[in-house]
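Biologist: I am new to this structure and would like to understand the reasoning behind the labels given to its residues. Could you show it to me and then take my questions in turn?

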Amino acid sequence: MTPVATAAQDSSHMGWFSRSEAWLDSKGKGAWIAAMVLGFVFFWPVGLALLFYMIWSKRMFNKSCGYKKSKRRMHVMQSTGNTAFDAYRDETIRRLEDEQASFEGFLERLREAKDKSEFDQFMDERAKKASDERAETKEDA
């Protein structure tokens, strides 16, 4: 048999489970979720079995949000055919990336300044504590 012949099996040769699975697949993820909810409503072990099967077969997560985001991002970078708009968009994106980089640099300098002031305060307190201890030992002597 050729791969095409095995892929296009007749539904009469399929069992009830395979036919149900193919029917739910043709209806989409919503049909799987509806079947699972109905399974929980009428007999909870059936709903639980459907939930486990959906997770095991990766039907629950086959179209993730990351795919949509990457597809949208790729669409934004495509040429629109309007060269003036494309130039404006590219310049705006470059400007926003520069602003983001400078803002991240500012935040880094701000964190460093805060860390330095906290360290200086710690060192001053430590020096004061050490001088107070020396003064107490001189008074005791």
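Modeller: Let us start with Val37, which lies in helix α3; please keep in mind that this is a predicted model.

Biologist: Why is Val37 called partly exposed?

Modeller: Val37 has a relative accessible area of 43%, and because partly exposed covers what lies between under 20% for buried and over 50% for exposed, Val37 counts as partly exposed.

Biologist: Which residues form the nonpolar patch on the surface with Val37, and which helix gives the most to the patch?

Modeller: The nonpolar patch is formed by Ile33, Val37, Leu38, Val41, Phe42, Phe43 and Val46, which together have about 700 Å² of accessible area, and helix α3, spanning residues 29-42, gives the most to it, with five residues.

Biologist: What makes Tyr53 buried rather than exposed?

Modeller: Tyr53, which lies in helix α4 (residues 44-56), has a relative accessible area of 17%, and since buried means under 20%, Tyr53 is called buried. Measuring from C-alpha to C-alpha, Tyr53 and Met36 are 9.9 Å apart in space, while in sequence they are 17 residues apart.

Biologist: How do you know that Glu133 counts as partly exposed, and where is Glu133 found?

Modeller: Glu133 is found in helix α6, which runs over residues 83-140. Its relative accessibility is 48%, and because exposed requires over 50% and buried under 20%, Glu133 counts as partly exposed. On the surface, Glu133 gathers with Asp132, Glu136, Glu139 and Asp140 in a patch of negative charge.

Technical notes:
Residues numbered from 1 in each chain as written. Predicted model: local features only at pLDDT ≥ 70, side-chain atom pairs only at ≥ 80, totals over all residues. Heavy atoms only, no water. Patch = residues over 30% accessible without salt bridge, like charges linked within 9 Å, V, L, I, M, F, W, Y side chains within 5 Å. Areas by Shrake-Rupley, 256 points an atom, 1.4 Å probe, with all protein chains shown as cover. Salt bridge = Lys/Arg side-chain N within 4 Å of Asp/Glu carboxyl O. Lys, Arg positive; Asp, Glu negative; His and termini not counted. Charge placed at Lys NZ, Arg CZ, Asp CG, Glu CD. Helix = DSSP H or I, 4+ residues; strand = E, 2+ residues; numbered from the N terminus. Buried < 20%, exposed > 50% of the residue type's maximum accessible area, 1.4 Å probe, protein only.
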